[in-house]
Amino acid sequence: MEVSTGDGRHGNRPVNILSRWIRQGDDDDRDVLVLNVLLLGNRQSGRSSVGNALIGGHGFQTGTHIFADSVTTEFQVLSRNYPGFFRRQGKECDLVLRVIDTPPLLPHPQSVHKLCPEGVHVLVLIVRADLPHDNAHLEQHVERVFGPEWQSHALLVLTYADQVKKAGLDTSDYLAQTTHWLRALAEVVTGGVLFLDNSYDWPLMTGEPLRDRLLHLSARNHHRALKVRTEVSL
Ligand SMILES: Nc1nc2c(ncn2[C@@H]2O[C@H](COP(=O)(O)OP(=O)(O)OP(=O)(O)O)[C@@H](O)[C@H]2O)c(=O)[nH]1
Ligand SMILES: [Mg+2]
C-alpha cells in the first residue's frame with residue numbers, strides 16, 4: 001500500500017500534485033490522475049472514517065468524544081496511489097486520491113486554498129444517518145467558498161448505515177422519511193447519495209463503492225477542479 005502525507009510523494013515516486021494528469025517516464029506507459037477530495041461535515045459525523053475508507057487504511061485518527069471536542073482539530077492530508085485503477089484511451093491509469101480531512105467548523109477558504117492551490121475536484125458532504133439533522137449552513141458556506149458550481153462536484157455520504165439497517169429501513173425508505181433539508185440536499189448533489197457502514201474495520205473494502213462513485217463524478221466534470229474563492233469574507 002502506498003500512503004503518503006500530502007507532500008506529493010508516493011512510495012519512492014515523486015508526484016506533481018499541481019497537475020491532474022501526470023505522464024510517467026517513457027519506460028512506464030501510464031498516466032496518473034490526482035484528485036483532491038475535501039471531506040466536510042459536523043463533528044462526529046464520521047469524516048475521518050470516510051477518509052480512511054478512501055485511502056483504504058487507518059491514517060486518519062477516529063474516535064468517540066462525549067464532550068464538545070472533536071478528535072480532528074486540524075486539517076490533515078493523506079494520499080494513496082491506486083495503480084491501474086482505470087483505463088483511459090486504451091491505457092492503464094493510476095488514481096491518486098489526495099484526501100483532506102477537516103476540523104468540524106466550516107473551513108476558511110484560505111486554509112483550503114493553502115492545501116489545494118489547484119482547487120478541489122470532489123466535495124464529500126458527510127452526514128450521520130442515525131441522528132436528526134438540519135445544517136443549511138453547510139450548503140450556504142460551500143456555495144460562498146466554491147460558487148454555485150459546487151453542486152456538480154459534490155456527493156453526499158450518509159454514515160452509520162448499520163443503524164439504518166438495524167432500524168429495519170432500506171435506503172429508499174430512509175430518504176423518503178428523512179428531513180426536508182437532507183432530502184433537498186440529496187437531490188441537488190450531482191454525485192448522489194451513498195450509505196456507508198464504517199462500523200467494521202475493513203476500510204479498503206468499505207471505500208470501494210465510494211472511490212468508484214468519486215471517480216465517475218470527477219470524470220463527468222472532465223476532472224476540472226473547483227477553484228477556492230479566497231476573496232470572499234465569511
Ligand atoms: N456504527 C458506526 N460507527 C461509526 C460509523 N462511522 C464512524 N463511526 C464511529 O463514530 C466515531 C466518530 O467517527 P470519526 O470518523 O472519528 O468522526 P469525525 O467526524 O471524524 O469526528 P471528529 O473528528 O471528532 O469530529 C468513531 O468511533 C467511529 O468508529 C458508522 O458508519 N457506523
Ligand atoms: Mg475526525
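**Figure 1. The whole chain holds 8 helices and 10 strands.** Helices (H or I, at least four residues) and strands (E, at least two) are DSSP runs, numbered from the N terminus. This is a predicted model, in which local features need pLDDT of at least 70, side-chain atom pairs count only at pLDDT 80 or more, and totals for chains, interfaces and linings use all residues. Residues are numbered from 1 along each chain as its sequence is written, with chains lettered from A and ligands numbered from 1 in the order in which they are written. Of the 234 residues in the chain, 38% are buried. Here a residue is buried if 20 or more other C-beta atoms lie within 10 Å of its own, exposed if 12 or fewer, and partly exposed in between, with C-beta atoms placed from the backbone. Taking contacts between residues at least 6 apart in sequence, 74% join residues at least 24 apart; a contact means that the two C-beta atoms, placed from the backbone, lie within 7 Å.

**Figure 2. Ligand 1 sits in a shell of 24 residues.** S48, S49, T62, T72 and N198 come nearest to ligand 1, where a residue is near a molecule if its C-beta atom, placed from the backbone, lies within 6 Å of it. By class, the shell has 15 polar, 5 nonpolar and 4 charged residues. For this count, Ala, Val, Leu, Ile, Met, Phe, Trp, Tyr, Cys and Pro are nonpolar, Asp, Glu, Lys and Arg are charged, and the others, Gly among them, are polar. Both α1 (47–55) and α4 (161–166) supply at least two residues of the shell, and the largest share, 3 residues, comes from α1.

**Figure 3. A closer look at α1 shows a helix in which 9 of its 9 residues are buried.** The buried residues of α1 are R47, S48, S49, V50, G51, N52, A53, L54 and I55. After α1 comes G56, whose phi is positive, near 65°.

**Figure 4. Strand β5 (residues 31–41) pairs in parallel with β7 (residues 91–101) and with β8 (residues 122–128).** There are 8 bridges between β5 and β7, and 5 between β5 and β8; strands pair if DSSP finds at least two bridges between them. On the β7 side, L38 has I100 as its bridge partner. On the β8 side, V37 stands opposite V122, and L38 stands opposite L123. Strand β5 is mostly covered, with 10 of its 11 residues buried.

**Figure 5. Strand β8 also pairs with β9 (residues 154–159), in the parallel sense and over 6 bridges.** One bridge to look for joins I126 to its partner V157 in β9. Like β5, β8 is mostly covered, with 6 of its 7 residues buried.

**Figure 6. The largest nonpolar core has 53 residues, of which V37, L123 and V124 touch the most other members.** Strand β5 gives the most to this core, with 8 residues. A nonpolar core is a set of buried Ala, Val, Leu, Ile, Met, Phe, Trp, Tyr and Cys residues joined through C-beta atoms within 7 Å. Leaving aside residues up to four places away in sequence, V124 touches V37, L38, L39, L40, V50, L155 and V157.

**Figure 7. Helix α3 (residues 136–146) has V142, V145 and F146 as its buried residues.** These three lie on the same side of α3 because they cover an arc of only 75° around the axis, the arc being that of the directions from the helix axis to the C-beta atoms. What do they pack against? The buried residues of α3 pack against β5, α2 (109–115) and β8. The face turned away from the buried side carries the exposed residues A136, H137 and Q140. G147 follows α3 with a positive phi, near 85°.

**Figure 8. I66 lies in the loop between α1 and β6 (76–88).** I66 counts as exposed because it has 6 C-beta neighbours inside 10 Å. Its C-alpha is 9.6 Å from that of Q44, and the two residues are 22 apart in sequence.

**Figure 9. H222 is found in the segment after α8 (208–220), as is H223.** Most residues other than glycine have a negative phi. H222, although not a glycine, has a positive phi of about 55°, and H223 also has a positive phi of about 55°. With 7 C-beta neighbours inside 10 Å, H222 counts as exposed, whereas H223, with 15, counts as partly exposed.
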